[in-house]
Amino acid sequence: MNHLQTFPAPSSNSFPCNECSAGMMHLRHITYFTWLGEELIMVPNFPAWICDMCGRREFDERAISWLTMILNPNAGKPTRQPKRTPRPGPAKRNLPRPPLD
Ligand SMILES: [Zn+2]
């Protein structure tokens, strides 16, 4: 798997909502909007936990910190910008090279 362009995967698919205690938080992939200075950043397929009862929305902690790290220019060396369409290319394989004559 290519880990450069993917979000950290949450560990489970649902958990009880701690807001209404009746609903379940389900993992959804939404388009996340955030402001970076005067620029509106759009992050498609961002993992979010949404309650099916009260509609409470929580974002995956690791995904948020991952995004913050990428968007924050002071967080170290600039990483790749999140692309709109991640390349579904095949993983690199160690193919045997043809012998040189
Ligand atoms: Zn709820």
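The exercises below work through a predicted model, each with a solution in steps.

Residues are numbered from 1 along each chain as its sequence is written, and side-chain values use heavy atoms, with hydrogens and water left out. Because the model is predicted, local features need pLDDT of at least 70 and side-chain atom pairs count only at pLDDT 80 or more, whereas totals for chains, interfaces and linings use all residues.

**Exercise 1. Determine which atoms coordinate the zinc ion and what arrangement they make.**

Start with the donors (N, O and S atoms within 2.8 Å of the metal, or 3.2 Å for Na, K and Ca; water is not among the atoms, so sites may look incomplete). The SG atoms of C17, C20, C51 and C54 coordinate the zinc ion at 2.3 to 2.4 Å. Next, take the angles: the four donor atoms subtend 106 to 116°, and the arrangement is therefore tetrahedral, a label that requires all angles between 85 and 135 degrees. Finally, place the donors along the chain, where their spacing is C-x2-C-x30-C-x2-C. C17 lies in the loop between strand 1 (14–16) and strand 2, while C51 belongs to strand 3 (residues 39–51), so this pair ties together parts that are 34 residues apart in sequence; strands here are DSSP runs of E with at least two residues, and helices are runs of H or I with at least four, numbered from the N terminus.

**Exercise 2. Decide which residues of helix 1 are buried, and how they are placed around its axis.**

Apply the cut-offs for relative accessible area: under 20% is buried, over 50% exposed, and partly exposed in between (1.4 Å probe, protein chains only). In helix 1 (residues 61–71), the buried residues are A63, W66, L67, I70 and L71. They cover an arc of only 125°, taken from the directions from the helix axis to the C-beta atoms, which puts them on the same side of helix 1. In general, an α-helix has 3.6 residues a turn, so residues three or four places apart point the same way. What covers these buried residues includes strand 2 and strand 3.

**Exercise 3. Describe the surroundings of T34 in strand 2.**

First locate T34, which lies in strand 2 (residues 24–36). Then classify T34: its relative accessible area is 19%, so T34 is buried. Lastly, list its contacts (heavy atoms within 4.5 Å): leaving aside neighbours within four places in sequence, T34 touches E39, L40, I41 and L71. Of these partners, L71 is also among the buried residues of helix 1.

Conventions
Four donors count as tetrahedral if all angles lie between 85 and 135 degrees; four count as square planar and six as octahedral if opposite donors are over 155 degrees apart and all others between 65 and 115; anything else is irregular.
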